[in-house]
Amino acid sequence: MVTDSNTAGFAAVLGVRDRAAQDGTARLRLDATEDHLNEAGTVHGGVLATLLDMAMGQAVRSSTGESDVPATSQLTVTYLRPGKPGTVEVSARVSKQGENLTVCEADVEQDGRPLAHALATFAVLHR
């Protein structure tokens with residue numbers, strides 16, 4: 001299991017915490033604040049899409065070799081309801097894995113209710 005308690009880079013700027021990945025699955029959390037909201041006062045769709053992409057990338061990385069790099073080649077997000085300030089949780093899982101492409105799905109929930117669902121294809125770059 002890969003656990004990242006010392007989040008760095010863009011994930012740290014966004015405020016992502018509790019990142020963990022193992023065997024093709026991943027999870028992470030974000031405490032959505034006023035900084036994550038759009039003009040309507042709900043969690044910005046771009047924030048949710050970013051969280052979904054991060055979690056799925058972690059899931060792919062946990063299912064491949066350490067030197068492999070997942071690159072998002074397609075991402076479809078279905079927004080189900082608006083998010084509000086508070087904790088959002090993301091879970092991701094590898095659905096299908098080929099030699100060079102991997103398909104993942106992920107969900108964002110808040111207070112036990114779904115906010116968004118995503119499907120993505122990752123190109124796995126072998127170094």
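# Reading a predicted fold: strands, core and loops

Analyst: Let us begin with one pair of residues: Ala32 faces Gly86, which belongs to E5. The model is predicted, so local features require pLDDT of at least 70 and side-chain atom pairs count only at pLDDT 80 or more, while totals for chains, interfaces and linings use all residues. Residues are numbered from 1 along each chain as its sequence is written, and side-chain values use heavy atoms, with hydrogens and water left out.

User: What do labels such as E5 stand for, and how many helices and strands are there in the chain?

Analyst: Helices (H or I, at least four residues) and strands (E, at least two) are DSSP runs, numbered from the N terminus. The chain contains two helices and seven strands. Their order along the sequence is β-α-β-β-α-β-β-β-β. With a radius of gyration of 14 Å, close to the 14 Å from the globule rule for 127 residues, the chain is as compact as a globular protein of that length. That radius is taken over C-alpha atoms, and the globule rule is 2.2 Å times the number of residues to the power 0.38. Along the principal axes, the C-alpha atoms fill a box of roughly 40 × 30 × 25 Å.

User: How should I read strand pairing, and which strand is joined to E3 by eight bridges?

Analyst: Two strands pair if DSSP finds at least two bridges between them. Strand E3 (residues 25-32) is joined by eight bridges to strand E5 (residues 86-97), and the two run antiparallel. E5 also pairs with strand E6 (residues 101-110), again in the antiparallel sense and over eight bridges. In that pairing, Ser91 stands opposite Asp107 of E6. Three residues lie between E5 and E6, which form a hairpin. On another side of the pairing pattern, strand E2 (residues 16-22) runs antiparallel to E3, with five bridges between them. There, Val16 has Leu30 of E3 as its bridge partner.

User: Which residue in the hairpin of E2 and E3 takes a positive phi?

Analyst: Most residues other than glycine have a negative phi. In this hairpin, with two residues between the strands, the positive phi belongs to Asp23 and is near 50 degrees. Asp23 sits in the loop between E2 and E3. Its relative accessibility is 67%, so Asp23 counts as exposed. The classes are buried (under 20% relative accessible area), exposed (over 50%) and partly exposed (in between), with a 1.4 Å probe and protein chains only. Asp18, also not a glycine, has a positive phi of about 55 degrees. Asp18 is within strand E2, and at 31% relative accessibility it is partly exposed.

User: How is a nonpolar core recognised, and which of its residues touch the most other members?

Analyst: A nonpolar core is a set of buried Ala, Val, Leu, Ile, Met, Phe, Trp, Tyr and Cys residues joined through side-chain atoms within 4.5 Å. The largest one holds 31 residues, and those touching the most other members are Val16, Leu28, Leu51, Leu52, Met56, Val90 and Val108. Two or more residues each come from helix H1 (9-14), E2, E3, helix H2 (45-61), E5, E6 and strand E7 (113-125). H2 gives the largest share, nine residues. Val16 has 6% relative accessibility and therefore counts as buried. For Val90, contacts (heavy atoms within 4.5 Å) beyond four places in sequence include Leu28, Leu51, Leu52 and Val108. Over the chain of 127 residues, 36% count as buried.

User: Is Gln58 buried or exposed?

Analyst: Gln58, a residue of helix H2, is buried, because its relative accessibility is 7%. Leaving aside neighbours within four places in sequence, Gln58 is in contact with Arg19, Ala20, Ala21, Ala26, Arg27 and Leu28.

User: Where is Ser63 found, and which side chain makes a polar contact with its side chain?

Analyst: A polar contact is a pair of N or O atoms within 3.5 Å; within protein, one must be able to donate a hydrogen and the other to accept it, and residues adjacent in sequence count only if both atoms are side-chain atoms. Ser63 is in the loop between H2 and strand E4 (69-79). The side chains of Ser63 and Gln97 make such a contact at 3.0 Å. A polar atom of the Ser63 side chain also lies 2.8 Å from the backbone oxygen of Val60. Ser63 and Val94 are 31 residues apart along the chain, and 8.0 Å separates their C-alpha atoms.
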